[in-house]
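Please study the sequence and the three-dimensional structure shown below. Then attempt each exercise before reading its worked solution.

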Amino acid sequence: MRTIHDIHGGIHPPERKALSRPGDLQNAPIPPVLVLPVRQHLGVPALPIVAVGDTVLGGQVLAEAQGVMSVPVHAPSSGTVVAIESRPIAHASGLADQCIVIQTDGEDHWLAFEGVTSWRERDPATLVERIREAGIAGLGGAGFPTAVKLSPGPTRPIETLLVNGTECEPYITADDTLMQCRADELVEGAHILAHILSADSILIGIEDNKPDAIARVQAAISRAGVDVELATFPTKYPSGGEKQIIEILTGQQVPSGGIPADIGIVCVNPGTAVATQQAIVDGKPLTHRIVTLTGEALAAPQNVTACLGTPITQLLEHAELSVDGQQRIIHGGPMMGFAVSDLNAPITKITNCLLAPTATELPLPDPAQPCIRCGHCAEACPASLLPQQLYWYARAKDQEQLAEHRLFDCIECGACAYVCPSQIPLVQYYRAAKGQIRDSEQEKRRSDNSRERFEARQARLEAETAAREAKRAARKAAAQSQAAENGSDPIQEAIERAKARKAEQEANP
Amino acid sequence: MLAMLSDQPLLAALTALLGLGATFGALLGFAAIRFRVEGNPISEQINALLPQTQCGQCGYPGCRPYSEAIADGDSINKCPPGGEETIQALADLLDVEPQPLDAEHGVEKEPVVAWIREDECIGCTKCIQACPVDAILGAAKVMHTVIADECTGCDLCIEPCPVDCIDLIPRKEGISFWHWSLPEDRASRYDVIATDAATRDAA
Ligand code: SF4
Ligand code: SF4
Ligand code: SF4
Ligand code: SF4
């Protein structure tokens, strides 16, 4: 039996998970229009390779990856490309981004796929390539390109593949549902990932508030007759943070500023494992995902498998949203999510939950009060930070002190803000401070580069002037040395010539 | 000698102190010569804080000359691309009071990059000669283009262009440049953290 370690801090907010009836999975209808952002992942946007007017089949590549930190986008159903333009997307900024818009034809015709069942005999590099081509980006929320995660490099040997089935945020049950309904795919997917990484062991971690998921995954492991360890641990928010679950299950800490691969672990979301299984064994790209539709403003909260690119409003309608015009719609969960400003925005690879709470269920926070230095935030912080200090330094924009206090170890879980009696929106300060620091670093790199180029140019211009000078000097020297050789001085000769001419002129006026 | 020292503790302490003093003094002296910084370190430090736009709005032909002028006592508020932030950083470095940006030299603007409307470019190479950071590519009589990553948005290529085909466009637009702003700087608040008061009390 594995020893379960405790992490610092953490909170126990009301779970509200039963609301969306985890384990019961429906298909959401194919919407008349699909809006597919070219950037649904962390990194460089994909480049559209279809044109307006093209007819496309389900599974067809719409946009190609641009470099390593990028993944392609595929059509989730058949239809016609009607626009490639800037559209509102689900993003905290409320800004628009480039999208490929498809009018579906309702036929749902698909390309034929070819998978490989004998993946054990395949070279890891080819499998990684297939994962990249299938457009898989971390389905847990960050959208990190999976192929990149699977290439930790020769300096980081991987011992353990960890499937993070914690899903600790209140309300969300998408992973729970996935683990219940796709347990066999999950186990095989985990095996494929371990094979790619040459990891010795596979560990699946699930919080103990999901007994059904635990039972089904255990059954799938027995069915497959394979060596996979299933570990369960007590429910606490935010145990699902990558660094947190690693500490809980191994007692090891990922070094500050490091990644799990530094200590021989690669951590993936269960959805990513299932998408991998489908990409390899069925040859199917990532075009759908499971989304939790929940909140008391929905008459039919549920989990659905939905086409990526389905407008949020369609899914809310499907879950029978009772509109009162008041409530916010939240993308993600109540702790780490953000309010969506335009409901025509589509769901993407990172959308695990749409939360439609009533105004009493999740009221707008009261205005923040001054910090009373109670220290509750430091007690709650799972990363053992000092949130109160970070808050002061974020307000003072003191980047040095923020770095000193390990701002970048903050996982933005919101535990500190949750316990803060003064209702200070602490996480927003940290997000803003991180953004400012990244910005200044980028500007610093730019200006260093400009300085170098400016100085290189100055040096070049100086060198050019010097070269011109040198040439002139050389010409002069050459003329003089020639004079010395001939035993005559060219200047003297010129003067003589001029004198002769003058004398001649005077002689014959 | 040793016997005498052990007999007289006061003398021993004094000798030890003197010895230490001499050793470290020599070390420091050596370090001062061995690791001496070339040039004028303060102007280097000032230059490191300037934005390197190389636009000349400060009245000097580039950031380095301005940094040298500041080191010689010129005021710190003449660089519009750097704006308030740079003035603050300079004030911290030089331990002087920050002053507001001198409007005579210009106002702080959003960062821009140059963009050549390539079908209108006649390939005269005038902009190449003007660009302080060699950010424009092209040869005589063929169309030129700006390397956006290298362009500082200094504005110096605009004026020499005989056909006015260079625009300055915002450099930091779109979602990749967005980040959260501090709650007090923001008009609307979208805080989501935590659940309702009723259940919170129950928890
Ligand atoms: S919990 Fe809130 S009030 Fe208490 S110390 Fe932290 S920031 Fe200040
Ligand atoms: S949001 Fe950051 S500072 Fe606050 S509790 Fe979570 S990790 Fe700690
Ligand atoms: S005004 Fe222009 S040239 Fe002068 S210091 Fe600022 S960026 Fe450099
Ligand atoms: S391209 Fe124009 S604006 Fe950009 S750095 Fe060169 S001269 Fe300045």
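The exercises below concern a predicted model and treat a chain interface, ligand surroundings, a sheet and a loop residue.

**Exercise 1. The contact between two chains**

Determine how many residues each chain gives to the contact between chain A and chain B, and how much area is buried there.

*Solution.*
Step 1. Chain A contributes 57 residues to the contact, and chain B contributes 50 residues.
Step 2. About 4,500 Å² is buried between chain A and chain B, and carbon and sulfur atoms give 54% of this area.
Step 3. On the side of chain A, Arg446(A), Arg453(A) and Phe454(A) supply 15% of the area buried against chain B, more than any other three residues.
Step 4. The size of an interface is often expressed in this way, as the accessible area lost when the parts come together.

**Exercise 2. Polar and charged pairs across the interface**

Count the salt bridges between chain A and chain B, and explain why the pair Arg453(A) and Glu150(B) joins two chains.

*Solution.*
Step 1. Between chain A and chain B there are 7 salt bridges, while a search of the whole structure finds 30 over all chains.
Step 2. In one salt bridge, the side chains of Arg453(A) and Glu150(B) meet at 3.4 Å, N to O. Because Arg453(A) lies in helix α13 of chain A and Glu150(B) lies in the loop between β3 (145–146) and β4 (166–170) of chain B, the pair joins two chains.
Step 3. Another salt bridge is formed by the side chains of Lys172(B) and Asp439(A), at 3.1 Å from N to O. A salt bridge requires a distance within 4 Å, and the 3.1 Å of this pair satisfies that cut-off.
Step 4. The interface of chain A and chain B also holds 15 residue pairs in polar contact, with both residues at pLDDT 80 or more.
Step 5. The elements giving two or more residues to the side of chain A that touches chain B are β8 (96–104), β16 (338–339), α10 (387–396), α12 and α13 of chain A. The largest share, 21 residues, comes from α13(A).
Step 6. By class, this side of chain A has 24 nonpolar, 15 polar and 18 charged residues.

**Exercise 3. The surroundings of the ligands**

Describe the residues around ligand 2, ligand 3 and ligand 4 by class.

*Solution.*
Step 1. The residues that surround ligand 2 include Cys381(A), Cys410(A), Cys413(A) and Cys416(A). Both α12 (415–419) and α13 (426–486) of chain A give two or more residues to this shell. The shell divides into 10 nonpolar, 1 polar and 1 charged.
Step 2. Ligand 3 has 13 residues around it, of which Cys55(B), Gly56(B), Cys58(B), Cys63(B) and Cys79(B) come nearest. This shell has 8 nonpolar, 5 polar and no charged residues.
Step 3. Around ligand 4 lie, among others, Cys131(B), Cys151(B), Cys154(B) and Cys157(B). The shell around ligand 4 consists of 9 nonpolar, 2 polar and 1 charged.

**Exercise 4. A sheet of chain A**

Give the strand order of the open sheet of 3 strands in chain A and name its edge strands.

*Solution.*
Step 1. The order is β3-β5-β6, with antiparallel pairing.
Step 2. The edge strands are β3 (47–48) and β6 (73–74), as each pairs on one side only.
Step 3. Strand β5 (residues 61–64) is joined to β6(A) by 2 bridges, and Ala63(A) has Val73(A) as its bridge partner in β6(A).

**Exercise 5. A residue in a loop**

Locate Gly240(A) and list the residues that Gly240(A) touches.

*Solution.*
Step 1. Gly240(A) lies in the loop between β11 (229–233) and α6 (242–250) of chain A.
Step 2. Leaving aside residues up to four places away in sequence, Gly240(A) touches Asn164(A), Thr166(A) and Cys168(A).
Step 3. Gly240(A) and Cys413(A) are 173 residues apart in sequence, and their C-alpha atoms are 9.8 Å apart in space.

Notes: Residues numbered from 1 in each chain as written. Chains lettered and ligands numbered in written order. Predicted model: local features only at pLDDT ≥ 70, side-chain atom pairs only at ≥ 80, totals over all residues. Heavy atoms only, no water. Near = heavy atom within 4 Å. Helix = DSSP H or I, 4+ residues; strand = E, 2+ residues; numbered from the N terminus. Nonpolar A, V, L, I, M, F, W, Y, C, P; charged D, E, K, R; others polar. Pairing = 2+ DSSP bridges. Contact = heavy atoms within 4.5 Å. Buried area = accessible area lost by both parts, 1.4 Å probe. Polar contact = N/O pair within 3.5 Å; in protein donor to acceptor, adjacent residues only side chain to side chain.
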